[in-house]
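Biologist: I am new to this model and would like a close look at a single part. Please start with what is buried there, and then show me the surroundings in one connected answer.

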Amino acid sequence: MAIPVETFFLSADGEGTLQARIQQMIAEGILSGRFAKGERLPSSRRLAAHLGVSRITVTLAYTELQANDYLAARDRSGFYVSDGAPEPSSFAPAHPVQDRIDWSRALGRRYTGGRSPEKPQDWASYPYPFLYGQSDAKLFDHANWRHCALRALGLKDFHAQATDYYDRDDPRLIEFITRHTLPRRGILAEPDEILVTMGAQNALWLTAQVLLTQRRTAVVEDPCYHGLSDILEQSRCHTHAVPVDARGLPPGDLPAEADVIFTTPSHQCPTNATMPMSRRRALLARARDMDALIVEDDYEFEMSFLNPPSPSLKSLDRDGRVIYVGSFSKSIFPGLRLGYLVGPRPFIREARALRASVLRHPPGLMQRTAAYFLSLGHYDSLIRRTSRAYADRRHVMEDALAQHGLTVAGRGLHGGSSIWMRAPEGVDIGRVAAALRTKGVLIEPGASFFHGDNPPLNFYRLAYSSIPSDKIGAGIALLADALRDAS
């Protein structure tokens, strides 16, 4: 019995090449039981005419499915569902399941309801996305990333992608971080003082788990990265928020009971303040007096297109009390999820053991691909291209903000990818953001960055990493109109 050609339908909004979509359509038909073993598929000519594609596209899809034993070819007869094709699932619940569990009592701990806001997944479809942390696909070096990925997939590198490193990392990536990335920040480290993480967020989580207990006190900046606030709340430690000023975290305001100090000295999150050298030395001295540790999140140091970046706090540390957090996800693309921790051997040893018990190690294929992308010079080229684009976009945004009289609360001295803004008193930026979204404008309200039950509602962040220069002016004009209405 032949499968009717009318059974096949390609969705207009499907993803992937036509060949891949045809393969997926047939494979799903077999896995769902719609196509039985031994049934003959339509000829490549008939299916191609039905779908409106070339015959060679269908033939290639059939051939690939044959290679994977979904289909079998018979001489002068065509393609059939293979006897060795995967069996469709025969399991079906005998009756509908009714959830009778009291989850309010059953859940031992809750991780929902934190400060981190939700961001629209379809942000790229908005005409004016001023969203931080997203990348512009037009700036990325797709060709060379694909080349590095294919190289990492090769037989020569099979061990690197397939091996279980257990608690170790790709030596090529570690070597690049040791010899190239860290020296640019004035940091000298040995391979066993470095741990690759699933981005900076994972690095901060590992650090909090290793260093903090319910009896210890963590100091955070106010405002600060909301993801860190959630991590510290989950750790159940004592948290002390210290307000930042135009020069970052004031060392004189640190509480004497502090055990761990989290700071973003080079590019304060979210105000963009840069901590001067005198204050960095004062912070190290204050931490020494209190016998406290410092966690330095050195995000966006690569985006220093206005002035050279300041030396990292860790490069000034002579006591081994600074733990350094870096990331490639911000500068390459967010979905990469590769970051790293640098610290004394006893700390890295414990963080390594914790990581191994949770996720072993970041995928070897991603580590090796990134190692090639970095070591072959593609990363530096990407940074230069991105920096030029960001410099242009920032100039356009600064002009638009000045033209409409909008108030800048903080801008990076060295560059970065966003500007910290303040609306007039009494304006609820959350309401403004909701209204702007209906007009295609996405902005980031700032309330989630602040500590306490009554955060200021009139701050917001505008990023220029995800919006082209020719869209910025019109988007800022719509923002200005919405703020006038709200005032």
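**From one helix to the sheets**

Modeller: Let's begin with helix 1, where Arg21, Ile22, Gln23, Met25, Ile26, Ala27, Gly29 and Ile30 are buried. Buried means under 20% relative accessible area, while exposed is over 50% and partly exposed is in between, with a 1.4 Å probe and protein chains only. Helices (H or I, at least four residues) and strands (E, at least two) are DSSP runs, numbered from the N terminus. Please keep in mind that this is a predicted model, in which local features need pLDDT of at least 70, side-chain atom pairs count only at pLDDT 80 or more, and totals for chains, interfaces and linings use all residues. Residues are numbered from 1 along each chain as its sequence is written, and side-chain values use heavy atoms, with hydrogens and water left out.

The cover over the buried residues of helix 1 includes helix 2 (44–51), helix 3 (55–67), strand 1 (71–74) and strand 2 (78–81). Contact here means heavy atoms within 4.5 Å. The length of helix 1 can be checked too: its 14 residues (18–31) should span 20 Å at 1.5 Å a residue, and the end C-alpha atoms are 20 Å apart, which agrees. The expected span is 1.5 Å times one less than the number of residues. Just after helix 1 comes Gly33, with a positive phi of about 90°.

Now step back to the whole chain. It has 16 helices and 15 strands, and its C-alpha atoms fill a box of roughly 85 × 55 × 55 Å along the principal axes. Of the 487 residues in the chain, 49% are buried. Among contacts with a separation of 6 or more, 74% are between residues 24 or more positions apart.

One open sheet has 7 strands in the order 4-10-9-8-7-5-6, with mixed pairing. Strand 4 (194–197) and strand 6 (238–243) stand at its edges with a single partner strand each, so one side of each has no neighbour in the sheet. From one strand to the next, the twist averages 20°. Two strands pair if DSSP finds at least two bridges between them. Strands of a sheet pair through backbone hydrogen bonds, either parallel or antiparallel.

At one edge, strand 4 and strand 10 run antiparallel and are joined by 4 bridges, with Leu195 opposite Leu341 in strand 10. Both faces of strand 4 are covered: Ile194 and Val196 on one side, and Leu195 and Thr197 on the other, are all buried. Helix 7 (residues 171–181) lies across strand 4 and strand 10 (339–342), at about 115° to strand 4. Axes are lines fitted to C-alpha atoms, for helices over the stretch in contact, and angles run from 0 to 180 degrees between N-to-C directions. At the other edge, strand 5 (residues 217–222) and strand 6 run parallel and are joined by 6 bridges; Glu221 has Val242 in strand 6 as its bridge partner.

A second open sheet has 4 strands in the order 11-12-15-14, with antiparallel pairing. Its edge strands, strand 11 (407–411) and strand 14 (444–445), each pair on one side only. Strand 12 pairs with strand 15 (residues 459–463) in the antiparallel sense over 5 bridges, and Met421 stands opposite Tyr460 in strand 15. Helix 14 lies across strand 11, strand 12 and strand 15, running at about 15° to strand 12.

Within strand 12 (residues 418–422) you will find Ile419, which is buried with a relative accessible area of 0%. Neighbours within four places in sequence aside, its contacts include Met397, Glu398, Leu401, Tyr460 and Arg461. Ile419 and Arg461 are 42 residues apart in sequence, yet 5.9 Å apart in space, C-alpha to C-alpha.
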